[in-house]
Amino acid sequence: MHETAIVQGLIRILEQQAAQHEVSAICKVNVKVGRLRAVEPRQLIACFEIYAEGTVAQGAELAIVALPVRACCKACLCEFEVPRFHFECPGCGGGDVDVIQGQELYIESFEVVGG
Ligand SMILES: [Zn+2]
């Protein structure tokens, strides 16, 4: 399952970070997810709750910020937000674009208990 792999990766990072900074418990995790990742936030949160059990992130709140998809037109270098996967430049109507945002999936920050 898609979400399981993502959550396992996030928890691995959290455990490494916690060990590095001598943190014993994390209470909130702020995650940024690009819309191209096709991640369902509720599923991700539910999955996180299960896999966080017994780790430093047990009981932590997973706060997800969705990043819109942005692209840059190769023809006119116009940067624009892509609505509903409609990859057409609003400037020149061209369809040859580079995706510059939307593939992200990372931990922006986390908050620790007592910190
Ligand atoms: Zn263009």
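## Two sheets, two helices: how the labels are earned

Me: Glad to look at this predicted model with you. What is the strand order of the open sheet with mixed pairing?

Reply: That open sheet has three strands in the order β2-β1-β6, and its pairing is mixed. The edge strands are β2 (61-67) and β6 (105-112), each of which pairs on one side only. From one strand to the next, the twist averages 20°.

Me: What makes the pairing in that sheet mixed?

Reply: Look at β1 and its two partners. Strand β1 (residues 26-34) runs parallel to β2, with seven bridges joining them. With β6, β1 pairs in the antiparallel sense, over seven bridges.

Me: How do you know that β1 and β6 count as paired?

Reply: Two strands pair if there are at least two bridges between them. β1 and β6 have seven bridges, so the pairing condition of at least two is met.

Me: Which residues stand opposite each other along β1?

Reply: On the β2 side, Asn30 has Ala63 as its bridge partner, and Lys32 stands opposite Val65. Towards β6, the bridge partner of Val33 is Leu105.

Me: Why is Asn30 called buried?

Reply: Asn30 sits in strand β1. Its relative accessibility is 14%, and buried means under 20%, so Asn30 counts as buried. Leaving aside neighbours within four places in sequence, Asn30 is in contact with Ala63, Tyr106, Ile107, Glu108, Ser109 and Glu111.

Me: What about β1 as a whole: how many of its residues are buried?

Reply: Seven of the nine residues of β1 are buried, and the strand is mostly covered.

Me: Which helices pack against this sheet?

Reply: Helix α2 (residues 41-52) packs on the sheet and touches β1 and β2. Its direction makes about 155° with that of β2. Angles over 145 degrees count as roughly antiparallel, so α2 and β2 run roughly antiparallel. Helix α1 (residues 2-20) lies across β1 and β6, and runs at about 45° to β6.

Me: Why is α1 called oblique to α2?

Reply: The two helices pack at an angle of about 50°, and their axes are 9 Å apart. Roughly parallel would need an angle under 35 degrees, and roughly perpendicular begins at 65. About 50° lies outside both ranges, and that makes α1 oblique to α2. The crossing of α1 past α2 is right-handed.

Me: Which residues make up the contact between α1 and α2?

Reply: From α1 come Glu3, Thr4, Ile6, Val7, Gln8, Ile11 and Leu14, and these meet Gln43, Leu44, Cys47, Phe48, Tyr51 and Ala52 of α2. Sorted by class, the contact has nine nonpolar, three polar and one charged residues.

Me: Where is Thr55, and what makes Thr55 count as buried?

Reply: Thr55 lies in the loop between α2 and β2. Its relative accessibility is 18%. The cut-off for buried is under 20%, so Thr55 counts as buried. Neighbours within four places in sequence aside, Thr55 is in contact with Ile11 and Glu15.

Me: What is the strand order of the open sheet with antiparallel pairing?

Reply: This open sheet of three strands has the order β4-β3-β5. β4 (79-81) and β5 (97-101) are the edge strands, each pairing on one side only. Here the twist averages 35° from one strand to the next.

Me: How do you know that β3 and β5 count as paired?

Reply: Strand β3 (residues 70-73) and β5 are joined in the antiparallel sense over four bridges. At least two bridges are needed, so β3 and β5 count as paired. Across this pair, Arg70 stands opposite Gln101 in β5.

Me: Why is Glu88 called partly exposed?

Reply: Glu88 is found in the loop between β4 and β5. Its relative accessible area is 42%. Buried would need under 20%, and exposed over 50%, so Glu88, in between, is partly exposed. Not counting residues up to four places away in sequence, Glu88 touches Phe80, Gly93 and Gly94.

Me: What separates Glu88 from Gly114?

Reply: Along the chain, Glu88 and Gly114 are 26 residues apart, and their C-alpha atoms are separated by 48 Å.

Notes:
Residues numbered from 1 in each chain as written. Predicted model: local features only at pLDDT ≥ 70, side-chain atom pairs only at ≥ 80, totals over all residues. Heavy atoms only, no water. Axes fitted to C-alpha atoms, helices over the stretch in contact; angles between N-to-C directions. Contact = heavy atoms within 4.5 Å. Parallel < 35°, antiparallel > 145°, perpendicular 65-115°, else oblique. Left-handed = near helix turned anticlockwise from the far one by under 90°. Nonpolar A, V, L, I, M, F, W, Y, C, P; charged D, E, K, R; others polar. Buried < 20%, exposed > 50% of the residue type's maximum accessible area, 1.4 Å probe, protein only.
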